[in-house]
Amino acid sequence: MADSKPRIERPLSPHLQIFRPLPNMVMSILHRITGAALYVGTLILAAWLIAGATSPDAFATVEWALGSFLGRLVLFGYTWALFHHMIGGVRHLIWDTGHGMGAIGREQLTWLTPIGSVALTLLVWIAAYVIR
Amino acid sequence: MAELHNRIETPLKRVRGLGSARSGTEHFWRQRLTAIAQIPLTIAFVVLVLKTLGGGYDALAATLANPLWAVLMLLFVVTGVMHMRIGMQVIIEDYAHEEGPKFAWLILNNFFAILVGLACVVAILKLSFGA
Ligand code: HEM
C-alpha cells in the first residue's frame with residue numbers, strides 16, 4: 001500500500017506555511033505567543049509578591065535576581081509582551097464590535113501594535129532608569 | 001415557528017443558549033470582560049512597579065498598605081488569572097487533539113491559574129495588612 005499512487009493527482013489546499021506572511025497575520029500569531037509568555041510570566045509576579053510577603057530578606061534576593069543582567073532582559077521582554085498583547089487585545093476588542101475591518105482601518109490598527117508596543121516599552125524603561 | 005423547524009436544537013436548548021460545548025458563550029464573554037478590565041489594571045500595575053522601583057521592601061509594603069493600591073493589585077491579579085486561564089484553554093483546545101492529553105492539560109491549566117492567583121492574593125493581603 002505504501003507505494004500505491006493515487007489515480008488522480010488532486011490539487012492540495014495550500015497550508016499556512018505557503019502564504020506570504022501578512023502583517024495582521026504575524027500580529028495575530030504574536031498575540032497568542034505573547035499571551036502564552038505572559039501566562040508563564042505570572043510566575044515572576046507571584047515570586048516577587050510572595051517574597052515580599054515572606055521577609056524583607058527574601059524580597060531583596062528576588063529583587064537582586066530581577067535586577068541582574070539576565071533578570072532585566074527577561075523583564076524587558078515581559079514589558080514588551082505585556083504592551084504588545086494589550087494593544088493587540090484592544091485591536092481584537094475593536095474588531096469584535098465589527099469596526100476597523102476596512103482596508104485602511106485594518107492596516108492602521110495592525111501597525112499600531114508593533115509600533116505602540118515598542119514605544120511604550122522604551123518609555124517605561126527610560127522612566128525606570130530615570131527614577132532609579 | 002417556521003424558523004424552529006430548521007433547527008436541530010430543541011426549544012429548551014435554544015433558550016438556555018448552550019451549544020455542543022455545554023457552556024454557551026460564557027467563556028467568550030468572560031474573556032472580553034476581563035480583557036477590558038485588564039487595560040486600566042495593567043497600566044496601574046506598571047505605575048506601581050515604577051513607583052516602588054529602587055525602594056525595596058519598604059516601598060512595596062508602604063504602597064500596598066494603601067487600600068486603593070491593594071484593591072487595584074488584587075483586581076489586576078484576579079482578572080488577569082481568569083483571563084489567562086480561559087485564553088490558555090483556547091490554546092489547548094486548538095493544539096491538543098487527543099482526549100487524554102487534552103484533559104490533562106486542561107486540568108493543569110486550572111491548577112496553575114488558581115495556584116498563582118491565590119498565591120498572589122495572599123501575598124498582597126499580607127503585605128497590605130502589614131507583613
Ligand atoms: C493588558 C491587557 C490585555 C488585553 C486587552 C487582553 C486582550 C485579549 C483578548 C481580546 C484576547 C482574545 C484574543 C482572540 O480572540 O483571539 C486575549 C487572549 C489571551 N490573553 Fe489577553 N489581554 C490582556 C492581558 C493578558 C495577560 C496579562 C495575560 C497573561 C497573564 C493574557 C493572556 C492571554 C492568553 C493566554 C490568551 C489566549 C491567546 C490566544 O487564544 O491566542 N492576556 N487577550
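**Reading a predicted model: iron, helices and a cavity**

Q: Why does His83(B) count as buried in this predicted model?
A: Its relative accessibility is 14%. Buried means under 20%, so His83(B) counts as buried.

Q: What makes His85(A) buried or exposed?
A: The relative accessible area of His85(A) is 16%. The cut-off for buried is under 20%, so His85(A) is buried too.

Q: How do you know which residues coordinate the iron atom of the ligand?
A: Donors are N, O and S atoms within 2.8 Å of the metal. His85(A) and His83(B) each offer NE2, at 1.9 to 2.0 Å, so both coordinate the iron atom. The pair crosses between chains: His85(A) sits in helix α3 (residues 69-96) of chain A, and His83(B) in helix α5 (residues 67-95) of chain B.

Q: Why is the site of the iron atom called octahedral?
A: The site has 6 donor atoms, with angles of 86 to 179° among them. Six donors count as octahedral if opposite donors are over 155 degrees apart and all others between 65 and 115; the site is therefore classed as octahedral.

Q: What makes the lining of the largest cavity nonpolar or charged?
A: Leu, Trp, Phe, Met, Val and Ile count as nonpolar. The lining includes Leu45(A), Trp48(A), Phe45(B), Met73(B), Val77(B) and Ile124(B), and its residues divide into 9 nonpolar, no polar and no charged. About 40 Å³ of space lies in this cavity.

Technical notes:
Residues are numbered from 1 along each chain as its sequence is written. Chains are lettered from A and ligands numbered from 1 in the order in which they are written. This is a predicted model: local features need pLDDT of at least 70, side-chain atom pairs count only at pLDDT 80 or more; totals for chains, interfaces and linings use all residues. Side-chain values use heavy atoms; hydrogens and water are left out. Donors are N, O and S atoms within 2.8 Å of the metal (3.2 Å for Na, K and Ca); water is not among the atoms, so sites may look incomplete. Four donors count as tetrahedral if all angles lie between 85 and 135 degrees; four count as square planar and six as octahedral if opposite donors are over 155 degrees apart and all others between 65 and 115; anything else is irregular. Helices (H or I, at least four residues) and strands (E, at least two) are DSSP runs, numbered from the N terminus. Buried means under 20% relative accessible area, exposed over 50%, partly exposed in between (1.4 Å probe, protein chains only). On a 1 Å grid over the protein atoms alone, a cavity is a set of points where a 1.4 Å probe fits but cannot get out, and a pocket is an open set with protein on both sides within 12 Å along at least five of seven lines; lining residues have an atom within 4 Å of a point. Grid points are joined across faces, edges and corners, and a volume is the space filled by probe spheres set on the points.
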